[in-house]
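Biologist: I have a structure in front of me and would like to learn how to read it, one feature at a time. Could you take me through it?

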Amino acid sequence: MKIAVVGSGYVGLVSGACFADFGHQVVCIDKDPKRIEALKQNIIPIYEPGLDDLVASNVKQNRLSFTTSLPEGIEGAEAIFIAVGTPSRRGDGHADLQYVYAVAREIAQAVKGFAVVVDKSTVPVGTADEVARIIRETNPDADVAVASNPEFLREGAAISDFKKPDRIVVGINDERARAVMAEVYRPLYLNASPLLFTDTRTAELIKYAANAFLAMKITFINEVADLCEKVGADVQQVSRGIGMDGRIGSKFLHAGPGYGGSCFPKDTLALVKIAQDNDSPIRLIETTVAVNDQRKRSMARKVEKAVGGNLRGKTVAVLGLTFKPNTDDMREAPAISIVQALLDAGAVVKAYDPVGTEQAKLVMPSGITYCADPYEAADGAASIVIVTEWDQFRALDFGRLKGIVAEPVLVDLRNIYNPEEITRHGFQYSSIGRPGAEAI
Ligand code: UDX
């Protein structure tokens, strides 16, 4: 089967490479010639473990190719995926759909024969209907059905998430689309991944509801962690204790500095707007957004307490800047707000991230020093702060650190260490929602 994917960003590229790996014939399209030229030379514009090998092997087997020409790329394709960006629109938090609609118009002008146009980008409820309307308006003769097929992949685990999904959600309003989409995903449901067909509006809402629920779950355990600090309980045990209840589930109950990334902040905000616009506000998510925003900055107060109440002129070593490990993505990373608050409190910030430094330089507040490793960052520091749980921070050499820091203070915002172990190394330790954690 021939598949075209319009937009070779994160979702488009991972989806395209995985579809090719299933055995489909895939063309990835992007209007950025530099990006396409780079992809042709197997230079991958994003950091995702395993993606370069997957792209290279499928290109080699002639199942995956790249082009800047949409008419050329969609020729003969039975399924055309739209995987362009839907950033938050400045000012109102709504998803900005201009790129999705522009692609819909281009497809309408170029399509020949029957094709299913599939929204893969996260889009507000009703977008599939609008895409169908735009296509009809642009070219009344175009024979297309529009489907909504939201993507649930996580950065850093995108390929395995794509190939072994908990479920595949496909929204269709046209029976011909069902047969095409069943064929697209045949290799997966043969692997026992359930394929859930709904109407397009339901599929669109499933994506927002799933991400908002997960963001709410994280925010819930973060607030429980704050309470644990006040009452002397251990949030990790609380997570285990409630997570063993199958109705709650153990995942996404890890307390930390607040969620970030390209999806949760954008999608929670978009859901809040959709709900308000439809006169059906979802107050739980309005509160989730507000609590998470405040939380990031409040992490700086934890550091302030750990160093005795005053950060002015003190050096803080920040370890990890990306919104989570195994990605170079800095979008909405908690580190941005945390470092800004540290600087506002008068601290001198030295930072280290294993792969995100170049991206960090584009979005982090100015006036911080980027270091080549954790030890350079810790040199002379009054506190070391772990912001992102990269594996390499799980085995720091505390003997070496003890010799170079100004004060042996570790603030672990991801709870990756055992409090007793760190205290044994002679460090003062604070973490999130555990005994010995500094209440804020
Ligand atoms: C998320 C969804 O998981 C995915 O299904 C969707 O398609 C896109 O958004 P992603 O943004 O890649 O994926 O990252 P994820 O691993 O979900 O983490 C999001 C944020 O939540 C990170 O900042 C992470 O540190 C934080 N988080 C996650 C927690 O603080 N605690 C947890 O228990 C889990």
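Modeller: We shall go from the overall form to the domains, the core, the ligand and then some single residues. Please keep in mind throughout that this is a predicted model.

Biologist: Let us start with the whole chain, then: what radius of gyration does the protein have, and what would a compact globule have?

Modeller: The idea is to compare the value with what the chain length leads one to expect. For 440 residues a compact globule would have a radius of gyration near 22 Å, and the protein has 24 Å, which agrees. Along the principal axes, the C-alpha trace spans about 70 × 50 × 40 Å, and the chain forms 18 helices and 14 strands. If you look at contacts between residues at least 6 apart in sequence, 72% of them join residues at least 24 apart.

Biologist: Into which domains is the protein divided, and how many residues of each are in contact with the other?

Modeller: The assignment gives domain 1 (2-198) and domain 2 (243-430), with C-alpha centres that lie 33 Å apart. Where they meet, twelve residues of domain 1 are in contact with 15 residues of domain 2. On the side of domain 1 that touches domain 2, the classes are five nonpolar, five polar and two charged residues.

Biologist: How should I think about the interior, and how many residues does the largest nonpolar core have?

Modeller: In soluble globular proteins, nonpolar side chains tend to be buried together. In this protein, buried residues make up 47% of the 440 residues. The largest nonpolar core has 134 residues, and those with the most contacts inside it are Val6, Ile80, Val116, Val117, Val318 and Val385. Helix α10 gives the most to this core, with nine residues, while domain 1 (2-198) and domain 2 (243-430) each supply at least three. To see one of these residues in its setting, find Val116: leaving out residues up to four places away in sequence, Val116 touches Glu78, Ala79, Val144, Ala145, Ala147, Ala177, Val180 and Met181.

Biologist: Which residues come nearest to the ligand?

Modeller: A useful habit is to ask who lines the shell, and then from which parts of the chain they come. Of the 19 residues around the ligand, Glu155, His254, Tyr259, Gly261 and Cys263 come nearest. By class, the shell divides into ten nonpolar, five polar and four charged residues. Helix α10 (residues 200-231) provides the largest share, three residues, and the shell also draws at least three residues from each of domain 1 (2-198) and domain 2 (243-430).

Biologist: Now for single residues. Is Leu70 buried or exposed, and what does it touch?

Modeller: Here one counts neighbours, and 20 or more other C-beta atoms within 10 Å make a residue buried. Leu70 has 21 C-beta neighbours inside 10 Å and therefore counts as buried. Leu70 lies in helix α4 (residues 70-74), and beyond residues up to four places away in sequence it touches Val6, Ile29, Glu106 and Ala110.

Biologist: And is Val84 buried or exposed?

Modeller: Val84 is buried, because 24 other C-beta atoms lie within 10 Å, although its place is in the loop between β4 (79-82) and α5 (98-110). Leaving aside neighbours within four places in sequence, Val84 is in contact with Val6, Gly7, Tyr99, Val100, Val103 and Ser121. Tyr189, in helix α9 (residues 186-189), is partly exposed, with 14 other C-beta atoms within 10 Å.

Biologist: What is the sign of phi at Asn42 and at Asn326?

Modeller: The general expectation is that most residues other than glycine have a negative phi. Asn42, although not a glycine, has a positive phi of about 60°, and Asn326 likewise has a positive phi of about 60°. Asn42 lies in the loop between α2 (33-40) and α3 (51-60), whereas Asn326 lies in the loop between β9 (315-319) and α14 (334-344).

Biologist: Are these two asparagines buried or exposed?

Modeller: Asn42 is exposed, since it has 12 other C-beta atoms within 10 Å, whereas Asn326, with 20 other C-beta atoms within 10 Å, is buried.

How values were computed. Residues numbered from 1 in each chain as written. Predicted model: local features only at pLDDT ≥ 70, side-chain atom pairs only at ≥ 80, totals over all residues. Near = placed C-beta within 6 Å. Helix = DSSP H or I, 4+ residues; strand = E, 2+ residues; numbered from the N terminus. Nonpolar A, V, L, I, M, F, W, Y, C, P; charged D, E, K, R; others polar. Domains from an automatic or database assignment. Core = buried A, V, L, I, M, F, W, Y, C linked by C-beta atoms within 7 Å. Contact = placed C-beta atoms within 7 Å. Rg over C-alpha atoms; globule rule 2.2 N^0.38 Å.
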